[in-house]
Amino acid sequence: QIQLVESGGGKVQPGGSLRLSCAASGVSMDPYTIAWFRQAPGKELEGVACIRSHGIGPYFADSVSGRFTISRDNAEGKVYLQMNILNEEDTATYYCAAPESTIVACYAAGPLTTTWYKYWGLGTQVTVQS
């Protein structure tokens, strides 16, 4: 099964940027859609972005569209979430996740829900604070 490890979180001031990484191991991540979710204190898990196996049709939540980008390097076994113009509402623990099946896709129109995502990393904390 696929194992996922997030990194790159930290504390940043409003308006700043961070790049999160999701490293996959165990099996090749090539055929899998990979997604990023986040959970802020007291709030439900929110789908942030996802990307299909060859980088096509990425999805972004309305709350991050235009500020976040997602990319993947299958050779390195990594997916990246570039987060720009961060604000305090972006404070959360960020998780990357993979579905059990390689047929689970990701579409620009969404939605992105946790339904099909079985494999999760432990998360990385992002704090946006002045």
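**Note on an all-strand protein chain**

1. Read from start to end, the protein chain follows the pattern β-β-β-β-β-β-β-β-β-β-β. The secondary structure comes to 11 strands and zero helices. The model under discussion is predicted, and the remarks below should be read with that in mind.

2. Overall dimensions. The protein chain has a radius of gyration of 13 Å, which agrees with the value near 14 Å that a compact globule of 130 residues would have. Along the principal axes, the C-alpha atoms fill a box of roughly 40 × 30 × 25 Å.

3. Burial and surface. Of the 130 residues, 44% count as buried. The accessible surface comes to about 6600 Å², and carbon and sulfur atoms account for 49% of that surface. As for charge, the chain carries 9 positive and 11 negative charges, whose mean positions are 2 Å apart.

4. Contacts across the sequence. If one takes the contacts between residues at least 6 apart in sequence, 61% of them join residues at least 24 apart. Individual examples of contacts between distant parts of the chain appear in points 8 and 9.

5. Strand E8 and its two partners. Strand E8 (residues 78-83) runs antiparallel to strand E3 (residues 18-25), and six bridges join the two. E8 also pairs in the antiparallel sense with strand E7 (residues 68-73), again over six bridges. Tyr80 in E8 illustrates this arrangement: Ser21 stands opposite Tyr80, and Ser71 stands opposite Tyr80 as well. A further pair places Asp73 opposite Lys78 in E8. The hairpin of E7 and E8 has four residues between the strands, and within this hairpin Gly77 takes a positive phi near 70 degrees.

6. The two faces of E7. In a regular strand the side chains alternate between the two faces of the sheet. Which residues of E7 form the covered face, and which the uncovered one? Phe68, Ile70 and Arg72 make up the covered face, whereas Thr69, Ser71 and Asp73 make up the uncovered one. Ser71 and Asp73, which belong to the uncovered face, were met in point 5 as residues standing opposite Tyr80 and Lys78 respectively.

7. Strand E9, an enclosed strand. Why is E9 described as largely enclosed by the rest of the structure? Eight of the eight residues of E9 are buried, so the description follows. Both faces are covered: one side holds Ala92, Tyr94, Cys96 and Ala98, the other Thr93, Tyr95, Ala97 and Pro99. E9 has antiparallel pairings with E4 over five bridges, with strand E11 (residues 124-128) over three bridges, and with E10 over three bridges. One residue pair can be named for each pairing. Arg38 stands opposite Tyr94 in E9, Thr93 stands opposite Gln125 in E11, and Ala98 has Tyr119 in E10 as its bridge partner.

8. Thr91, a buried loop residue. Thr91 is found in the loop between E8 and strand E9 (92-99). Its relative accessible area is 18%, and therefore Thr91 counts as buried, the cut-off being under 20%. Apart from residues up to four places away in sequence, Thr91 touches Ala40, Pro41, Gln125, Val126, Thr127 and Val128. Thr91 and Ala40 are 51 residues apart along the chain, yet their C-alpha atoms are separated by 6.3 Å.

9. Tyr32, another buried loop residue. Tyr32 is found in the loop between E3 and strand E4 (34-39). Is Tyr32 buried or exposed? At 14% relative accessibility, Tyr32 counts as buried. Leaving aside residues up to four places away in sequence, Tyr32 touches Ile2, Val27, Ile51, Arg52, Ser53, Arg72, Pro99, Glu100, Ser101 and Thr102. Among these contacts, Arg72 lies on the covered face of E7 and Pro99 is a buried residue of E9. The C-alpha atoms of Tyr32 and Tyr95, 63 residues apart along the chain, are separated by 16 Å.

10. Two points of backbone geometry. Most residues other than glycine have a negative phi, and most peptide bonds are trans. Ile85, which is not glycine, has a positive phi near 50 degrees. Ile85 is found in the loop between E8 and E9 and counts as exposed at 52% relative accessibility. The peptide bond from Gly110 to Pro111 is cis, with omega near -5 degrees. Pro111 has its place in the loop between E9 and strand E10 (117-120). A reader examining the model may wish to look at both places.

Key. Residues numbered from 1 in each chain as written. Predicted model: local features only at pLDDT ≥ 70, side-chain atom pairs only at ≥ 80, totals over all residues. Heavy atoms only, no water. Rg over C-alpha atoms; globule rule 2.2 N^0.38 Å. Buried < 20%, exposed > 50% of the residue type's maximum accessible area, 1.4 Å probe, protein only. Contact = heavy atoms within 4.5 Å. Areas by Shrake-Rupley, 256 points an atom, 1.4 Å probe, with all protein chains shown as cover. Lys, Arg positive; Asp, Glu negative; His and termini not counted. Charge placed at Lys NZ, Arg CZ, Asp CG, Glu CD. Pairing = 2+ DSSP bridges.
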